[in-house]
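Let's take a walk through this one together, from the overall layout down to a few individual side chains. Keep the viewer open as you read.

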Amino acid sequence: DRHVRALRDIEAAFERVRKSEYGACIDCGADIAFARLQAYPTAKRCIVCQERREREYAHEGHPKM
């Protein structure tokens with residue numbers, strides 16, 4: 001499952017390259033920092049939007065008792 005998600009992320013990054021949208025945050029449109037893209041080439045959000053998303057959806061997918 002993890003490998004499938006990784007391949008989908010790569011395909012999505014290539015699609016953003018084709019559309020000349022690579023390096024722009026999909027949420028706010030700001031540039032994604034070069035250092036972030038070097039570390040995580042398939043990043044689709046800037047660090048601010050990614051952190052916000054992780055806070056908002058931190059419990060999504062986790063079973064509750």
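What follows starts with the whole chain and then moves to its helix, loop, core and cysteines.

Keep in mind that this is a predicted model. The chain has 3 helices and 0 strands, so reading from the N terminus you simply get α-α-α, in terms of DSSP runs. Along the principal axes, the C-alpha atoms fill a box of roughly 45 × 25 × 20 Å. Of the 65 residues, 20% count as buried. The chain exposes about 5,500 Å², and carbon and sulfur atoms supply 54% of that area. As for contacts between residues at least 6 apart in sequence, 22% of them join residues at least 24 apart.

Start with helix α1, which covers residues 2–18. Does its length add up, or does it fall short of what you'd expect? With 17 residues at 1.5 Å a residue, α1 should span 24 Å, and its end C-alpha atoms are 25 Å apart, so the two figures agree. After α1 comes Ser20, with a positive phi near 60 degrees. Ala12 sits in helix α1 and is partly exposed, at a relative accessible area of 32%. From the C-alpha of Ala12 to that of Tyr22, 10 residues apart along the chain, the separation is 9.6 Å.

Now jump to the loop between α2 (34–39) and α3 (47–56), where you'll find Thr42. Thr42 is buried, with a relative accessible area of 14%. Which residues does Thr42 touch, leaving aside neighbours within four places in sequence? They are Asp9, Ile10, Ala13 and Arg16. With the same kind of neighbours left aside, Ala43 is in contact with Arg16, Ile32, Arg36 and Leu37.

Ala43 also belongs to the largest nonpolar core, a set of 6 residues made up of Cys25, Ile32, Leu37, Ala43, Cys46 and Cys49.

That brings us to the cysteines. How many disulfides does the structure hold? It holds 0. Cys28 is in no disulfide, and the nearest cysteine sulfur, that of Cys49, is 3.7 Å away. Why is Cys46 not bonded to Cys49? Its sulfur is 3.6 Å from the one in Cys49, the closest cysteine sulfur, and a disulfide needs the pair within 2.5 Å, so the gap is too far for a bond. The surroundings of Cys28 and Cys46 can be read from their accessible areas: Cys28 is partly exposed at 45%, whereas Cys46 is buried at 10%.

Technical notes: Residues are numbered from 1 along each chain as its sequence is written. This is a predicted model: local features need pLDDT of at least 70, side-chain atom pairs count only at pLDDT 80 or more; totals for chains, interfaces and linings use all residues. Side-chain values use heavy atoms; hydrogens and water are left out. Buried means under 20% relative accessible area, exposed over 50%, partly exposed in between (1.4 Å probe, protein chains only). A nonpolar core is a set of buried Ala, Val, Leu, Ile, Met, Phe, Trp, Tyr and Cys residues joined through side-chain atoms within 4.5 Å. Contact means heavy atoms within 4.5 Å. Helices (H or I, at least four residues) and strands (E, at least two) are DSSP runs, numbered from the N terminus. The expected span of a helix is 1.5 Å times one less than its number of residues. Accessible areas come from the Shrake-Rupley method with a 1.4 Å probe; for residues, only the protein chains shown count as cover.
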